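Student: I would like a close look at one part of this protein. Please take one strand pair and its surroundings, and keep it brisk.

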Amino acid sequence: MPDTAPLVQKMQVNAAAVAAGSDLETKIGEAPFDGTITRVAYLPASAITGANTDSRTLQLFNRGTAGAGTTKAAELAMTSGVNASADDDKAITIITAASANVVAAGDVIEWKSLHVGGTGLADPGGEVIVEFTRG
């Protein structure tokens, strides 16, 4: 079978909890092959209730093979009405504009939990899942 056949590979990592007012960057791993990011999900350890004034934004970045790139591949703003239940798969919106979800083998993939406004929301930590598709 040629190495261009469709293939889906999943990476998972447990991201640590983040206090209100703090940010966290967590390396997920390296893209296993040339392809696209086709799914990003977060399963928080406890519920997160979105808020407009002090909130949190969850992001996935492609840092390139050198680990210094700035391509944002997925993002979800935890604003009012955007909530995540404990241990429930919360989809993170993949950015397809300008091929932001395209990866090359060896690209460093990183999760970022960013507080927004004032102290922001606390992030309880949890499992981050990223799926890559080739072909």
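Tutor: What follows starts with the whole chain and then moves to the strands around Leu60 and Lys112.

This is a predicted model. The protein chain has zero helices and 12 strands. Its radius of gyration is 15 Å, close to the 14 Å that the globule rule gives for 135 residues, so the chain is as compact as a globular protein of that length. Along the principal axes, the C-alpha atoms fill a box of roughly 50 × 30 × 25 Å. Buried residues account for 42% of the 135. Take the contacts between residues at least 6 apart in sequence: 79% of them join residues at least 24 apart.

Now the sheet. Five strands form an open sheet in the order β2-β11-β5-β6-β9, with antiparallel pairing. Its edge strands are β2 (24-30) and β9 (93-94), and each of these pairs on one side only. Look at β5 and β6. They pair in the antiparallel sense over six bridges. One residue pair to pick out is Gln59 with its bridge partner in β6, Glu75.

Next, the core. In soluble globular proteins, nonpolar side chains tend to be buried together. Here the largest nonpolar core has 25 residues. Those that touch the most other members are Ile28, Ile37, Leu60, Ile92, Trp111, Val128 and Phe132. Two or more residues come from each of β1 (7-15), β3 (35-44), β5 (55-62), β6 (71-77), β11 (108-116) and β12 (126-134).

Follow Leu60. Set aside its neighbours within four places in sequence. Leu60 is then in contact with Ile28, Ile37, Val40 and Val130. Its contacts also include Thr71, Lys72, Ala73 and Ala74. Ile109, Glu110 and Trp111 complete the list.

Lys112 is worth a stop too. This residue lies in strand β11. Is Lys112 buried or exposed? Its relative accessibility is 18%, and the cut-off for buried is under 20%. Lys112 therefore counts as buried. Its side chain makes a polar contact of 3.5 Å with the side chain of Glu25. Beyond four places in sequence, Lys112 is in contact with Leu24 and Glu25, and also with Thr57, Leu58, Gln59 and Phe61. Gln59 is the residue whose bridge partner in β6 is Glu75.

Last, the surface. The accessible surface of the chain comes to about 6,400 Å². Carbon and sulfur atoms hold 51% of that area.

How values were computed
Residues are numbered from 1 along each chain as its sequence is written. This is a predicted model: local features need pLDDT of at least 70, side-chain atom pairs count only at pLDDT 80 or more; totals for chains, interfaces and linings use all residues. Side-chain values use heavy atoms; hydrogens and water are left out. A nonpolar core is a set of buried Ala, Val, Leu, Ile, Met, Phe, Trp, Tyr and Cys residues joined through side-chain atoms within 4.5 Å. Buried means under 20% relative accessible area, exposed over 50%, partly exposed in between (1.4 Å probe, protein chains only). Helices (H or I, at least four residues) and strands (E, at least two) are DSSP runs, numbered from the N terminus. Contact means heavy atoms within 4.5 Å. Two strands pair if DSSP finds at least two bridges between them. A polar contact is a pair of N or O atoms within 3.5 Å; within protein, one must be able to donate a hydrogen and the other to accept it, and residues adjacent in sequence count only if both atoms are side-chain atoms. The radius of gyration is taken over C-alpha atoms; the globule rule is 2.2 Å times the number of residues to the power 0.38. Accessible areas come from the Shrake-Rupley method with a 1.4 Å probe; for residues, only the protein chains shown count as cover.
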